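Trainee: Please give me a close look at one part of this model, the salt bridges. Once that part is clear, walk me on to whatever else is worth seeing.

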Amino acid sequence: MTASITVKRAKRRRRALVIVAAFLAVLLIIAELVARVLVGRIAADKIAEALPQGVSAHVNAAPKGACVLCELATLRLSKLHLSTSDLTVGDVRGEVNADAAGIQLGDPVQIDSLGGEIRLSAAEVNRLLQDAAQAAGITINDLKFSNGTLSYGTEIEVFGRQIAVLVDARVRIRAGGYIRIEATDLRFKAGDFSSQIDTQERLVSFDACVAEYIPELLQITNVDVSDAGLTVGVRTRHSFTAAEESFTELGSCRR
């Protein structure tokens, strides 16, 4: 009888320990989730507050470390994902997805590095490229986007005549903060000029300044064309603080 009672008590103790352990595990999970939400909100608010005049965005932030509670104990986050669908710089609007690494919590917040991409819609890119082409003395129309290629209509002078042509172009990074809209294929649109020509691409190629729309601390790493528009890859040149002075100075293009 005594042995049976002892076994039952041992089972009850084990059951109680399991319940307590499960309860503590749930509490830790809830605490971790709450910490992630709070850290994300605080980080988003800090960055939104740091944006200078003329730049606005509804910033979303989410810590990506395995244990945010553990990282909070050291006041340093390993990784933070940042995004916004309405970044506005002057009259240019785009979407941003980026990852910050090595975030030292403090006032201000110190960030070791940041890298990501800025996506501009086809409509925004169309407007920007119209201005850049006009500055280069080129008129473009019917701008279309496909994976890896831009196409547009323009005119060139052939044998003293202005001839309408269709242009296929690639986009590539150029030094000094520019992107190059580089024609790769020209086709005459009408009349007797229906053959493909290979010698006039430079006449309808032009540069567009991108650096003037992003903070000076960012450098352009890549540029890609899709049906939706243009994606510009960026990364920081050095560590920075989440303070207004880090974002106030926009880049500039130079030859």
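Mentor: Let's start with the term itself: a salt bridge here is a side-chain nitrogen of Lys or Arg that lies within 4 Å of a carboxyl oxygen of Asp or Glu. The idea behind it is simple, because side chains of opposite charge can pair when their charged atoms come close. Keep in mind that you're looking at a predicted model. With that rule, the count is eight salt bridges.

Now find Arg119. Its side chain meets that of Glu117 in a salt bridge, with 2.7 Å from N to O. That passes the test because 2.7 Å is within the 4 Å limit. Arg119 also has a salt bridge with Glu95, and here the distance from N to O is 3.1 Å. The Glu95 pair links distant parts of the chain: Glu95 sits in strand 4, residues 92–104, while Arg119 sits in strand 5, residues 110–121, and the two are 24 residues apart. Put these pairs together and you get a network of salt bridges that links Glu95, Glu117 and Arg119.

Are these side chains hidden or out in the open? Let's go through the numbers. Glu95 has 34% relative accessibility and so counts as partly exposed. For Arg119 the value is 29%, which again means partly exposed. Glu117 also comes out at 29%, so partly exposed is the label there too. The reasoning rests on two cut-offs: buried means under 20% and exposed means over 50%, so values in between get the middle label.

Next, move along to another pair, Asp207 and Arg174. They form a salt bridge, and their closest N and O atoms are 2.7 Å apart. Asp207 belongs to strand 11 (residues 206–209) and Arg174 to strand 8 (residues 161–174), so this pair ties together parts that are 33 residues apart in sequence. Check the accessibility of each partner as well. Asp207 is buried, because its relative accessible area of 12% falls under 20%. Arg174, on the other hand, is partly exposed at 33%. In this bridge, then, a buried acid meets a partly exposed arginine.

What about charges outside the salt bridges? Look at helix 1, residues 2–50, where you'll find Arg13. Arg12, Arg13, Arg14 and Arg15 gather in a patch of positive charge on the surface. A residue needs over 30% relative accessible area and no salt bridge to join a patch. Arg13 has 53%, so it is exposed.

Stay on helix 1 for a moment, because Ile30, which is partly exposed at 45% relative accessibility, has its place there too. Together with Val26, Val34, Leu38 and Ile42, Ile30 makes a nonpolar surface patch of about 430 Å².

Charge isn't the whole story of side-chain pairs, so try the rings too. A pair of aromatic rings is described by the distance of the centres and the angle of the planes. There are two aromatic pairs in the count. One of them is Phe240 with Phe247, which is edge-to-face, with 6.2 Å from centre to centre and 80° between the planes. Why edge-to-face? Because planes over 60 degrees apart get that name. Both rings belong to buried residues: Phe240 has 6% relative accessibility, and Phe247 has 15%.

Finish with a look at the backbone. Leu75 has a positive phi of about 60° although it isn't a glycine. You'll find Leu75 in the loop between helix 2 (68–73) and strand 3 (76–89), and its relative accessible area of 46% makes it partly exposed. Asp142 also has a positive phi, of about 50°, and it isn't a glycine either. This residue is in strand 6, residues 141–146, and counts as exposed at 51% relative accessibility.

Definitions and conventions
Residues numbered from 1 in each chain as written. Predicted model: local features only at pLDDT ≥ 70, side-chain atom pairs only at ≥ 80, totals over all residues. Heavy atoms only, no water. Helix = DSSP H or I, 4+ residues; strand = E, 2+ residues; numbered from the N terminus. Buried < 20%, exposed > 50% of the residue type's maximum accessible area, 1.4 Å probe, protein only. Phe/Tyr/Trp six-rings, centres within 6.5 Å; stacked < 30°, edge-to-face > 60°. Patch = residues over 30% accessible without salt bridge, like charges linked within 9 Å, V, L, I, M, F, W, Y side chains within 5 Å. Areas by Shrake-Rupley, 256 points an atom, 1.4 Å probe, with all protein chains shown as cover. Lys, Arg positive; Asp, Glu negative; His and termini not counted. Charge placed at Lys NZ, Arg CZ, Asp CG, Glu CD.
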